[in-house]
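Hello,

Here is the structure I promised to pass on to you. Please open it beside this email and follow along as you read.

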Amino acid sequence: MKRGNRTTVSEFLLLGLPIAPEHQALFFILFLSMYLATVLGNLLIILLIRMDSRLHTPMYFFLSHLALTDVSFSSVTVPKMLMDMQSIHKSIPYAGCMSQIYLIIWFGCVENFLLTLMAYDRYVAICQPLHYATIMRQEKCVSLVSASWIYCSLRSLLHTLLLVRVMKRGNRTTVSEFLLLGLPIHPEHQDLFFTLFLSMYLATVLGNLLIILLIRMDSRLHTPMYFFLSHLALTDICFSSVNVPKMLMDMQSIHKSIPYAGCVSQIYFYIWFGCVDIFLLTLMAYDRFVAICHPLHYATIMRQEKCVSLVSASWIYCSLRSLLHTLLFLQVSFCDDITIPHFFCELPVLLKMSCSDVSVNEWLIFIETGIIVFLPFATIVGSYIRIWASVLKDPSAKRFFKVLSTCGSHLLVVCLFYGTVAEVYFFSSPSISSNKDIAASVMYMIVTPMLNPFIYSLRNRDIKQALKLFVNRMKSCSYIT
């Protein structure tokens with residue numbers, strides 16, 4: 001393990017624009033006007049496209065995202081530049097510099113992809129006009145744009161993390177890796193638990209991939225509920241894959257260590273996918289509420305573009321939320337104790353190990369995480385209260401069992417997820433051994449994602465029918481070959 005003292009910085013000085021002092025006011029007004037024109041002009045384009053149904057075409061869909069990207073891209077640096085033009089001390093904190101780098105790369109990358117998609121759209125419209133509606137169908141356009149935002153977010157994170165390795169904040173002792181204690185398992189039971197957790201992880205990946213495949217193949221499952229379920233399955237795969245493969249490797253290794261950059265990556269993706277999981281469970285509860293309590297308006301309320309917007313917003317917001325916690329963690333210093341009493345890099349555990357002031361980190365976790373957990377949970381509980389109140393107004397055995405079959409799977413998944421999360425973050429006591437927290441972490445990171453596909457397949461008639469159709473198709477293909 002490499003350790004050592006190195007002198008680095010906590011802020012940077014910006015020289016700013018090479019403008020003579022007597023021209024500062026003129027250029028300030030000029031750039032402020034240009035920035036306001038950028039923001040207001042692009043927001044107007046977005047508003048017009050949203051309001052006019054004639055503009056609900058792929059070209060203008062891409063244009064609205066380009067306008068949003070232009071507003072975001074300009075807002076990363078221009079407000080800071082304008083503030084510095086009116087300030088004597090032109091500096092930027094370390095975290096602010098990292099944020100600028102992340103967001104510039106992200107929005108710049110998205111803009112490149114959007115311009116490419118717009119060029120492809122024009123190519124199809126002019127060169128293949130008869131097939132335009134088929135090739136540039138709505139769900140494909142939405143998938144391309146969503147993939148652009150998510151890929152560029154990951155690309156930007158990669159560059160930011162690589163830069164973090166070069167720029168260490170503060171004059172302190174830094175570490176290049178952490179030691180993981182791993183799971184509290186006796187050596188003679190290691191092989192047994194390794195086989196068990198490997199089987200559970202493979203079941204999680206294959207089961208959730210099967211759910212996604214069935215939903216994509218069966219047109220009867222192209223509804224909002226199953227659209228949310230396919231994203232939940234994808235999130236479960238990603239959530240388990242953040243830590244479980246590393247945990248399995250450590251179970252077969254003597255030296256259980258993780259590099260600093262790997263630890264930061266685990267924190268980022270763990271918070272990101274966990275946050276998306278919470279939002280998707282909330283959206284699924286809202287979908288069931290609308291379907292049962294407002295069935296006549298269901299098609300209008302839960303229209304496809306609204307569902308796609310809600311899911312895309314969840315992925316993007318959770319990415320930014322995760323970035324905030326990760327950037328604040330990068331300012332934390334560690335002294336002698338670099339042994340993590342866990343099988344992965346969990347943010348609260350690492351903050352307890354720190355020898356620097358982490359009050360800001362802890363307050364942000366307490367307030368922001370509390371809001372993120374409790375507001376969606378309150379929404380889910382409120383939705384089910386309204387659902388059962390609606391059922392009790394017109395009670396009948398047929399309606400009761402119909403609602404139970406519709407909502408039972410989702411309600412069971414919610415109880416599993418929130419129950420284990422609450423056990424770790426709200427009901428655990430520092431005086432109790434950390435083994436209980438580790439066991440609860442295993443539950444919501446390994447067991448719950450594995451159970452989700454089984455819960456939805458065993459209790460859901462539509463999924464069963466889609467599975468039978470898939471099996472019959474596979475048999476037909478095998479007979480042909």
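**What I found in the model**

L180 stands opposite I340 in strand 7. That is a good place to begin, but please keep in mind throughout that this is a predicted model.

Let's stay with the strands for a moment. Strand 5 covers residues 177-180 and is joined by three bridges to strand 6, residues 257-259. These two strands run antiparallel, and F178 stands opposite I258 of strand 6. Towards strand 7 (residues 339-340), strand 5 has two bridges, and here the strands run parallel.

Put together, the three strands make an open sheet in the order 6-5-7, with mixed pairing. Why is one side of strand 6 and of strand 7 left without a neighbour in the sheet? Both stand at the edges and have a single partner strand each, so nothing in the sheet lines their other side. Helix 8, residues 260-293, packs on this sheet and touches strand 5, strand 6 and strand 7. The direction of helix 8 makes about 85 degrees with that of strand 6.

Next, have a look at helix 10, which spans residues 304-329 and holds V308. Is V308 buried or exposed? With a relative accessible area of 13%, V308 falls under the 20% cut-off, so V308 counts as buried. Leaving aside residues up to four places away in sequence, V308 touches V142 and F227. You can also find S146 from here: the C-alpha atoms of V308 and S146 are separated by 9.0 Å, although the two residues are 162 apart along the chain.

R321 has its place in helix 10 too. Its relative accessible area is 8%, which makes R321 buried. Which residues does R321 touch, not counting those up to four places away in sequence? They are I271, C275, E368, T369 and I372.

For a contrast, turn to L375 in helix 12 (residues 359-393). L375 has a relative accessible area of 54%, and because that is over 50%, L375 is exposed. Together with W363, F366, I367 and I371, L375 makes a nonpolar surface patch of about 590 Å².

Now for the charged side chains. Side chains of opposite charge can pair when their charged atoms come close. How many salt bridges does the model have? The count comes to seven, and here are three of them to look up:

- K80 and D84 meet through their side chains, at 3.3 Å from N to O. The two residues are four apart in helix 2 (residues 58-85), so about one helical turn separates them. D84 is buried, at 7% relative accessible area.
- D121 pairs with R122, and their closest N and O atoms are 2.6 Å apart. D121 is buried, with a relative accessible area of 0%, whereas R122 is partly exposed at 34%.
- D218 and R220 form a salt bridge of 2.8 Å, N to O. D218 is buried, with a relative accessible area of 5%, while R220 is partly exposed at 48%.

If you would like a starting exercise, find V308 and L375 in the viewer and compare them: V308 is buried, and L375 is exposed.

Enjoy exploring, and write back with any questions.

Best wishes

Technical notes
Residues numbered from 1 in each chain as written. Predicted model: local features only at pLDDT ≥ 70, side-chain atom pairs only at ≥ 80, totals over all residues. Heavy atoms only, no water. Pairing = 2+ DSSP bridges. Buried < 20%, exposed > 50% of the residue type's maximum accessible area, 1.4 Å probe, protein only. Contact = heavy atoms within 4.5 Å. Axes fitted to C-alpha atoms, helices over the stretch in contact; angles between N-to-C directions. Patch = residues over 30% accessible without salt bridge, like charges linked within 9 Å, V, L, I, M, F, W, Y side chains within 5 Å. Areas by Shrake-Rupley, 256 points an atom, 1.4 Å probe, with all protein chains shown as cover. Salt bridge = Lys/Arg side-chain N within 4 Å of Asp/Glu carboxyl O.
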